[in-house]
Amino acid sequence: MTNWQTILTDSITDPSDLPRHLRPDLQNSEKLTHHYPMRVNPYYLDLIHTKNDPIWLQAIPQTAEINDTVCALDTLAEERLSPVAGIVHKYRDRVLFLVANKCAMYCRFCTRKRKVGTAEMVVNEQTIIAGIDYIKSHPEVKDVLISGGDPLLLSDERLEWLLAKLRAIPAVEIIRLGTRVPCTLPSRITPNLCRILKKFHPIYINTHFNHPREITQESSTACTMLADSGIPLGCQTVLLRGVNDNLETIHHLMRGLLRIRVKPYYLFQGDLSRGTNHFRTTIECGQQIMRGLLGKISGMGIPTYAVDGPGGVGKIPLTPNYIKSLANTLVFENYEGRTCFYENGGS
Ligand SMILES: *Cc1c(COP(=O)(O)O)cnc(C)c1O
Ligand code: SF4
(Lines give C-alpha, C1' and ligand atoms only; values in the text may rest on other atoms or scores of the structure.)
(Ligands and ions follow the chains in the order given, each with its own letter.)
Protein backbone atom coordinates (compact mmCIF):
# COMPACT_ATOMS: atom_id res chain seq x y z
CA MET A 1 0.00 0.00 0.00
CA THR A 2 1.15 3.51 -0.71
CA ASN A 3 1.44 6.11 2.00
CA TRP A 4 -1.92 7.78 1.32
CA GLN A 5 -3.71 4.44 1.26
CA THR A 6 -2.25 3.62 4.68
CA ILE A 7 -3.43 6.99 6.02
CA LEU A 8 -6.94 6.21 4.76
CA THR A 9 -7.06 2.83 6.48
CA ASP A 10 -6.30 4.64 9.75
CA SER A 11 -9.47 6.73 9.40
CA ILE A 12 -12.05 6.91 12.16
CA THR A 13 -15.41 5.63 10.93
CA ASP A 14 -17.27 5.27 14.22
CA PRO A 15 -17.99 8.44 16.25
CA SER A 16 -17.27 6.60 19.51
CA ASP A 17 -13.67 6.10 18.38
CA LEU A 18 -13.06 9.84 18.32
CA PRO A 19 -10.98 11.40 21.09
CA ARG A 20 -13.37 12.06 23.99
CA HIS A 21 -13.25 15.87 23.69
CA LEU A 22 -14.31 15.67 20.01
CA ARG A 23 -17.13 13.15 20.35
CA PRO A 24 -20.54 14.37 19.16
CA ASP A 25 -23.70 13.99 21.26
CA LEU A 26 -25.61 11.60 19.06
CA GLN A 27 -28.90 9.82 19.41
CA ASN A 28 -28.95 6.59 17.47
CA SER A 29 -25.41 6.88 16.21
CA GLU A 30 -25.46 3.54 14.42
CA LYS A 31 -28.49 4.42 12.33
CA LEU A 32 -26.94 7.74 11.44
CA THR A 33 -23.60 6.41 10.24
CA HIS A 34 -25.37 3.59 8.44
CA HIS A 35 -27.29 6.14 6.35
CA TYR A 36 -24.54 8.70 6.17
CA PRO A 37 -21.13 7.15 6.71
CA MET A 38 -18.36 8.88 8.56
CA ARG A 39 -14.71 8.85 7.64
CA VAL A 40 -12.20 11.17 9.23
CA ASN A 41 -8.66 10.43 8.18
CA PRO A 42 -5.76 11.29 10.51
CA TYR A 43 -4.65 14.27 8.40
CA TYR A 44 -8.07 15.96 8.48
CA LEU A 45 -8.62 15.00 12.13
CA ASP A 46 -5.46 16.92 12.98
CA LEU A 47 -6.96 20.11 11.57
CA ILE A 48 -9.73 20.04 14.20
CA HIS A 49 -8.98 22.17 17.23
CA THR A 50 -12.20 21.92 19.22
CA LYS A 51 -15.68 20.47 19.11
CA ASN A 52 -18.02 22.56 16.89
CA ASP A 53 -15.19 24.41 15.20
CA PRO A 54 -15.40 24.95 11.39
CA ILE A 55 -13.38 21.82 10.64
CA TRP A 56 -15.23 19.64 13.16
CA LEU A 57 -18.58 20.73 11.73
CA GLN A 58 -17.59 19.58 8.24
CA ALA A 59 -16.46 16.11 9.32
CA ILE A 60 -18.33 14.95 12.43
CA PRO A 61 -21.90 13.57 12.27
CA GLN A 62 -24.71 15.39 14.03
CA THR A 63 -28.22 14.24 14.90
CA ALA A 64 -29.67 17.05 12.77
CA GLU A 65 -28.69 15.05 9.68
CA ILE A 66 -31.35 12.41 10.25
CA ASN A 67 -33.95 14.93 11.45
CA ASP A 68 -34.01 16.92 8.21
CA THR A 69 -37.64 17.23 7.13
CA VAL A 70 -37.09 20.06 4.65
CA CYS A 71 -34.76 18.78 1.96
CA ALA A 72 -35.26 16.18 -0.77
CA LEU A 73 -33.22 13.06 -1.43
CA ASP A 74 -32.17 13.87 -4.97
CA THR A 75 -32.85 17.58 -5.21
CA LEU A 76 -30.82 18.04 -8.41
CA ALA A 77 -32.75 15.24 -10.18
CA GLU A 78 -29.48 13.54 -10.98
CA GLU A 79 -31.13 10.12 -11.27
CA ARG A 80 -33.66 11.40 -13.81
CA LEU A 81 -30.90 13.12 -15.80
CA SER A 82 -28.82 9.93 -15.84
CA PRO A 83 -28.96 8.10 -19.20
CA VAL A 84 -26.63 5.34 -17.94
CA ALA A 85 -25.42 4.65 -14.41
CA GLY A 86 -22.61 7.04 -13.53
CA ILE A 87 -23.43 9.72 -16.12
CA VAL A 88 -25.48 12.85 -15.43
CA HIS A 89 -26.18 14.67 -18.68
CA LYS A 90 -27.83 17.99 -17.95
CA TYR A 91 -26.15 20.52 -20.22
CA ARG A 92 -25.72 19.56 -23.86
CA ASP A 93 -21.96 20.17 -24.10
CA ARG A 94 -20.81 18.53 -20.86
CA VAL A 95 -21.42 15.55 -18.62
CA LEU A 96 -20.81 14.66 -15.05
CA PHE A 97 -19.12 11.25 -14.86
CA LEU A 98 -19.20 9.54 -11.46
CA VAL A 99 -16.30 7.10 -11.30
CA ALA A 100 -15.80 6.56 -7.56
CA ASN A 101 -18.13 6.06 -4.62
CA LYS A 102 -15.76 6.85 -1.78
CA CYS A 103 -14.08 9.98 -0.46
CA ALA A 104 -11.07 10.74 1.72
CA MET A 105 -13.48 12.33 4.21
CA TYR A 106 -17.27 12.28 4.14
CA CYS A 107 -18.36 15.89 4.24
CA ARG A 108 -21.48 16.17 6.36
CA PHE A 109 -22.98 18.69 3.91
CA CYS A 110 -22.40 16.60 0.77
CA THR A 111 -24.91 17.15 -2.02
CA ARG A 112 -24.69 13.50 -2.98
CA LYS A 113 -25.11 12.44 0.63
CA ARG A 114 -27.94 10.10 -0.36
CA LYS A 115 -25.42 7.70 -1.83
CA VAL A 116 -21.75 8.63 -1.48
CA GLY A 117 -19.89 6.06 0.61
CA THR A 118 -22.91 3.72 0.82
CA ALA A 119 -24.06 0.61 -1.04
CA GLU A 120 -26.55 2.86 -2.86
CA MET A 121 -23.78 4.13 -5.07
CA VAL A 122 -22.75 1.43 -7.47
CA VAL A 123 -19.57 2.16 -9.38
CA ASN A 124 -17.64 -0.64 -10.98
CA GLU A 125 -15.81 -1.58 -14.14
CA GLN A 126 -19.09 -2.09 -16.05
CA THR A 127 -20.58 1.27 -15.07
CA ILE A 128 -17.34 3.04 -15.99
CA ILE A 129 -17.16 1.31 -19.37
CA ALA A 130 -20.84 2.13 -19.99
CA GLY A 131 -20.07 5.76 -19.17
CA ILE A 132 -17.14 5.88 -21.59
CA ASP A 133 -19.32 4.31 -24.30
CA TYR A 134 -22.05 6.88 -23.69
CA ILE A 135 -19.59 9.75 -24.08
CA LYS A 136 -18.15 8.12 -27.20
CA SER A 137 -21.60 7.94 -28.80
CA HIS A 138 -22.49 11.56 -27.91
CA PRO A 139 -20.04 13.78 -29.79
CA GLU A 140 -21.86 16.89 -28.54
CA VAL A 141 -20.06 16.24 -25.23
CA LYS A 142 -16.92 18.40 -25.27
CA ASP A 143 -16.21 18.57 -21.54
CA VAL A 144 -16.15 15.59 -19.17
CA LEU A 145 -16.36 16.38 -15.49
CA ILE A 146 -15.00 13.38 -13.59
CA SER A 147 -16.39 13.22 -10.09
CA GLY A 148 -17.91 10.82 -7.58
CA GLY A 149 -17.22 10.32 -4.68
CA ASP A 150 -13.68 11.38 -5.18
CA PRO A 151 -12.01 10.29 -8.42
CA LEU A 152 -8.55 10.70 -6.93
CA LEU A 153 -9.26 7.78 -4.62
CA LEU A 154 -8.88 5.56 -7.67
CA SER A 155 -5.47 3.97 -7.94
CA ASP A 156 -2.95 5.56 -10.29
CA GLU A 157 -3.39 2.62 -12.69
CA ARG A 158 -7.20 2.90 -12.86
CA LEU A 159 -7.03 6.63 -13.31
CA GLU A 160 -4.46 6.38 -16.09
CA TRP A 161 -6.61 3.79 -17.85
CA LEU A 162 -9.71 6.00 -17.55
CA LEU A 163 -7.98 9.17 -18.73
CA ALA A 164 -6.47 7.35 -21.70
CA LYS A 165 -9.92 6.08 -22.71
CA LEU A 166 -11.46 9.54 -22.47
CA ARG A 167 -8.58 11.25 -24.25
CA ALA A 168 -8.99 8.79 -27.12
CA ILE A 169 -12.49 10.17 -27.81
CA PRO A 170 -11.98 12.81 -30.53
CA ALA A 171 -14.93 15.04 -29.52
CA VAL A 172 -13.78 15.38 -25.90
CA GLU A 173 -11.90 18.66 -25.58
CA ILE A 174 -11.37 19.19 -21.89
CA ILE A 175 -11.31 16.79 -18.97
CA ARG A 176 -12.06 18.12 -15.51
CA LEU A 177 -11.55 16.37 -12.19
CA GLY A 178 -13.66 17.38 -9.22
CA THR A 179 -11.72 16.35 -6.14
CA ARG A 180 -11.50 17.35 -2.51
CA VAL A 181 -8.29 15.40 -2.01
CA PRO A 182 -5.89 18.39 -2.19
CA CYS A 183 -7.76 19.66 0.89
CA THR A 184 -8.67 16.49 2.78
CA LEU A 185 -5.82 14.12 1.90
CA PRO A 186 -3.02 16.14 0.27
CA SER A 187 -0.53 13.25 0.42
CA ARG A 188 -2.59 11.65 -2.38
CA ILE A 189 -1.01 14.19 -4.74
CA THR A 190 2.18 12.30 -5.55
CA PRO A 191 4.82 12.85 -8.23
CA ASN A 192 3.55 9.74 -10.01
CA LEU A 193 -0.02 11.03 -10.03
CA CYS A 194 1.17 14.34 -11.50
CA ARG A 195 3.21 12.49 -14.13
CA ILE A 196 0.06 10.63 -15.19
CA LEU A 197 -2.28 13.64 -15.20
CA LYS A 198 -0.04 15.78 -17.35
CA LYS A 199 -0.04 13.22 -20.14
CA PHE A 200 -3.71 13.97 -20.83
CA HIS A 201 -3.88 17.74 -21.09
CA PRO A 202 -5.98 19.87 -21.21
CA ILE A 203 -6.84 18.67 -17.68
CA TYR A 204 -8.47 21.02 -15.20
CA ILE A 205 -9.00 20.37 -11.52
CA ASN A 206 -11.71 21.91 -9.40
CA THR A 207 -10.99 21.29 -5.77
CA HIS A 208 -12.97 22.23 -2.70
CA PHE A 209 -11.78 24.24 0.31
CA ASN A 210 -14.27 25.78 2.73
CA HIS A 211 -12.15 27.36 5.45
CA PRO A 212 -8.79 29.15 5.66
CA ARG A 213 -7.58 26.61 8.25
CA GLU A 214 -7.68 23.96 5.51
CA ILE A 215 -4.84 25.80 3.78
CA THR A 216 -1.81 24.15 5.32
CA GLN A 217 1.77 23.45 4.34
CA GLU A 218 0.60 20.05 3.04
CA SER A 219 -2.37 21.28 1.00
CA SER A 220 -0.27 24.11 -0.36
CA THR A 221 2.40 21.62 -1.51
CA ALA A 222 -0.27 19.44 -3.14
CA CYS A 223 -1.69 22.39 -5.10
CA THR A 224 1.79 23.57 -6.09
CA MET A 225 2.60 20.14 -7.50
CA LEU A 226 -0.62 20.12 -9.54
CA ALA A 227 -0.14 23.69 -10.76
CA ASP A 228 3.47 22.91 -11.70
CA SER A 229 2.08 20.06 -13.80
CA GLY A 230 0.26 22.66 -15.87
CA ILE A 231 -3.17 22.01 -14.40
CA PRO A 232 -5.35 25.10 -13.83
CA LEU A 233 -6.88 24.80 -10.36
CA GLY A 234 -10.28 26.13 -9.36
CA CYS A 235 -12.17 25.97 -6.10
CA GLN A 236 -15.84 25.20 -5.50
CA THR A 237 -16.57 26.42 -1.99
CA VAL A 238 -19.90 25.78 -0.27
CA LEU A 239 -21.37 28.44 1.98
CA LEU A 240 -21.98 26.68 5.30
CA ARG A 241 -23.63 27.92 8.48
CA GLY A 242 -21.12 28.07 11.32
CA VAL A 243 -18.23 27.19 9.02
CA ASN A 244 -17.70 30.11 6.66
CA ASP A 245 -20.89 32.21 6.62
CA ASN A 246 -19.20 35.55 7.20
CA LEU A 247 -17.15 38.00 5.16
CA GLU A 248 -13.95 37.72 7.16
CA THR A 249 -13.69 33.94 6.74
CA ILE A 250 -14.54 33.96 3.04
CA HIS A 251 -12.15 36.86 2.44
CA HIS A 252 -9.29 35.00 4.14
CA LEU A 253 -10.15 31.83 2.30
CA MET A 254 -10.13 33.50 -1.13
CA ARG A 255 -6.81 35.23 -0.40
CA GLY A 256 -5.34 31.95 0.81
CA LEU A 257 -6.53 30.12 -2.30
CA LEU A 258 -4.91 32.65 -4.63
CA ARG A 259 -1.69 32.25 -2.63
CA ILE A 260 -1.66 28.50 -3.27
CA ARG A 261 -2.48 29.06 -6.98
CA VAL A 262 -6.13 28.07 -6.80
CA LYS A 263 -8.61 30.37 -8.54
CA PRO A 264 -11.96 30.69 -6.72
CA TYR A 265 -14.55 29.38 -9.21
CA TYR A 266 -17.91 28.95 -7.48
CA LEU A 267 -19.25 29.88 -4.07
CA PHE A 268 -22.30 27.64 -3.77
CA GLN A 269 -25.46 28.34 -1.91
CA GLY A 270 -26.32 25.07 -0.13
CA ASP A 271 -28.36 22.58 -2.13
CA LEU A 272 -31.64 21.28 -0.73
CA SER A 273 -30.13 17.80 -0.23
CA ARG A 274 -31.64 15.74 2.55
CA GLY A 275 -29.50 15.67 5.67
CA THR A 276 -27.86 19.03 5.08
CA ASN A 277 -30.54 21.57 6.00
CA HIS A 278 -28.82 22.60 9.24
CA PHE A 279 -25.91 23.94 7.17
CA ARG A 280 -27.93 26.26 4.98
CA THR A 281 -27.60 30.01 5.18
CA THR A 282 -29.83 32.60 3.56
CA ILE A 283 -29.16 33.96 0.09
CA GLU A 284 -29.06 37.45 1.65
CA CYS A 285 -26.10 36.28 3.75
CA GLY A 286 -24.27 35.07 0.66
CA GLN A 287 -25.00 38.26 -1.24
CA GLN A 288 -23.78 40.39 1.63
CA ILE A 289 -20.51 38.44 1.64
CA MET A 290 -20.19 38.93 -2.13
CA ARG A 291 -20.79 42.68 -1.78
CA GLY A 292 -18.15 42.81 0.91
CA LEU A 293 -15.59 40.97 -1.22
CA LEU A 294 -15.83 43.48 -4.05
CA GLY A 295 -13.22 46.14 -3.39
CA LYS A 296 -11.52 44.00 -0.72
CA ILE A 297 -9.88 41.54 -3.13
CA SER A 298 -8.91 41.41 -6.79
CA GLY A 299 -11.44 40.10 -9.27
CA MET A 300 -9.12 37.07 -9.41
CA GLY A 301 -10.29 36.16 -5.94
CA ILE A 302 -14.02 36.60 -6.53
CA PRO A 303 -15.97 33.42 -7.25
CA THR A 304 -19.39 33.27 -8.88
CA TYR A 305 -21.97 32.95 -6.13
CA ALA A 306 -24.49 30.42 -7.47
CA VAL A 307 -27.16 27.94 -6.60
CA ASP A 308 -27.72 24.65 -8.36
CA GLY A 309 -31.47 24.90 -8.91
CA PRO A 310 -33.74 22.14 -7.60
CA GLY A 311 -35.07 19.74 -10.22
CA GLY A 312 -32.01 19.81 -12.46
CA VAL A 313 -32.57 23.30 -13.89
CA GLY A 314 -28.87 24.09 -13.72
CA LYS A 315 -26.63 26.54 -11.92
CA ILE A 316 -27.91 30.07 -11.55
CA PRO A 317 -25.69 33.03 -10.54
CA LEU A 318 -26.87 34.86 -7.43
CA THR A 319 -24.67 37.90 -8.01
CA PRO A 320 -25.90 40.88 -5.97
CA ASN A 321 -27.64 43.49 -8.06
CA TYR A 322 -25.46 46.55 -8.65
CA ILE A 323 -27.73 47.96 -11.34
CA LYS A 324 -30.33 50.42 -10.02
CA SER A 325 -31.78 51.33 -13.38
CA LEU A 326 -30.90 50.72 -16.98
CA ALA A 327 -32.19 53.12 -19.61
CA ASN A 328 -30.38 55.86 -21.55
CA THR A 329 -28.36 56.20 -18.41
CA LEU A 330 -27.20 53.24 -16.40
CA VAL A 331 -27.44 53.97 -12.71
CA PHE A 332 -25.36 51.62 -10.58
CA GLU A 333 -23.71 51.19 -7.22
CA ASN A 334 -19.96 50.85 -6.92
CA TYR A 335 -18.04 48.73 -4.38
CA GLU A 336 -18.37 51.47 -1.76
CA GLY A 337 -22.14 51.62 -2.22
CA ARG A 338 -21.88 54.98 -4.01
CA THR A 339 -24.43 55.73 -6.76
CA CYS A 340 -22.72 56.14 -10.14
CA PHE A 341 -23.73 56.82 -13.74
CA TYR A 342 -22.79 55.61 -17.19
CA GLU A 343 -24.20 56.93 -20.47
CA ASN A 344 -25.59 53.92 -22.29
CA GLY A 345 -24.84 53.42 -26.00
CA GLY A 346 -27.39 53.49 -28.81
CA SER A 347 -29.88 56.30 -29.21
C1 LIG B 1 -22.30 21.45 -12.11
C2 LIG B 1 -22.53 20.53 -13.21
C3 LIG B 1 -21.77 20.61 -14.38
C4 LIG B 1 -20.68 21.62 -14.58
O5 LIG B 1 -21.11 22.94 -14.52
P6 LIG B 1 -20.08 24.12 -14.83
O7 LIG B 1 -20.88 25.35 -14.61
O8 LIG B 1 -19.64 23.93 -16.25
O9 LIG B 1 -18.93 23.97 -13.89
C10 LIG B 1 -22.06 19.73 -15.38
N11 LIG B 1 -23.03 18.80 -15.27
C12 LIG B 1 -23.78 18.71 -14.17
C13 LIG B 1 -24.84 17.67 -14.10
C14 LIG B 1 -23.55 19.55 -13.09
O15 LIG B 1 -24.28 19.43 -11.99
S1 SF4 C 1 -15.54 15.12 -1.08
FE2 SF4 C 1 -17.25 15.85 -2.35
S3 SF4 C 1 -18.38 13.99 -2.92
FE4 SF4 C 1 -17.06 13.48 -1.18
S5 SF4 C 1 -18.31 13.74 0.65
FE6 SF4 C 1 -17.19 15.68 0.30
S7 SF4 C 1 -18.59 16.94 -0.91
FE8 SF4 C 1 -19.32 14.80 -1.06
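# Close-up views of a predicted model

**View 1. Lining of the second largest pocket.** In this predicted model, 24 residues line the second largest pocket, and those nearest its centre are R114, K115, T118, E120 and M121. Two elements, α2 (29-35) and β1 (87-88), give two or more residues each to that lining. The volume of the second largest pocket is about 510 Å³. Divided by class, its lining holds 11 nonpolar, 8 charged and 5 polar residues. Rolling a probe the size of a water molecule over the atoms shows where empty space is left.

**View 2. The shell around ligand 1.** Ligand 1 is surrounded by V88, K90, Y91, R94, L96, L145, R176, Y265, Y266, D308 and K315. Of the strands, β2 (94-98) and β7 (263-268) each contribute at least two residues to this shell. By class, the shell around ligand 1 has 6 nonpolar and 5 charged residues, with no polar ones.

**View 3. Side-chain contacts to oxygen atoms of ligand 1.** Which distance separates an oxygen atom of ligand 1 from an N or O atom in the side chain of Y265? The value for Y265 is 2.6 Å. For R94, a polar side-chain atom lies 2.8 Å from an oxygen atom of ligand 1. An N or O atom in the side chain of R176 is 2.9 Å from an oxygen atom of the ligand. On its own, ligand 1 has 390 Å² of accessible area, and the protein covers 90% of that area.

**View 4. The shell around ligand 2.** The residues around ligand 2 are C103, M105, Y106, C107, C110, G149 and R180. Their division by class is 5 nonpolar, 1 polar and 1 charged. G149, one of the residues around ligand 2, lies in the loop between β3 (143-147) and α6 (156-167). The peptide bond joining G148 and G149 is cis, with omega of about 20°.

**View 5. The cis peptide bond at P202.** H201 and P202 are joined by a cis peptide bond whose omega is near -5°. P202 belongs to the loop between α8 (191-197) and β5 (203-207). For comparison, most residues other than glycine have a negative phi, and most peptide bonds are trans.

**View 6. The salt bridge between K51 and D25.** A search of the whole structure gives 21 salt bridges. In one salt bridge, the side chains of K51 and D25 meet at 3.2 Å, N to O. K51 sits in the loop between α3 (42-47) and α4 (54-59) and D25 in the loop between α1 (3-9) and α2, so this pair ties together parts that are 26 residues apart in sequence.

**View 7. Backbone of N52.** Where does N52 lie? N52 is in the loop between α3 and α4, and K51 of the salt bridge is placed in that loop as well. The phi of N52 is near 75°, a positive value in a residue other than glycine.

Definitions and conventions. Residues numbered from 1 in each chain as written. Chains lettered and ligands numbered in written order. Predicted model: local features only at pLDDT ≥ 70, side-chain atom pairs only at ≥ 80, totals over all residues. Heavy atoms only, no water. Near = heavy atom within 4 Å. Nonpolar A, V, L, I, M, F, W, Y, C, P; charged D, E, K, R; others polar. Polar contact = N/O pair within 3.5 Å; in protein donor to acceptor, adjacent residues only side chain to side chain. Areas by Shrake-Rupley, 256 points an atom, 1.4 Å probe, with all protein chains shown as cover. Helix = DSSP H or I, 4+ residues; strand = E, 2+ residues; numbered from the N terminus. 1 Å grid on protein atoms, 1.4 Å probe; cavity = no way out; pocket = protein on both sides within 12 Å on 5 of 7 lines; lining within 4 Å. Points joined across faces, edges and corners; volume = space filled by probe spheres on them. Salt bridge = Lys/Arg side-chain N within 4 Å of Asp/Glu carboxyl O.
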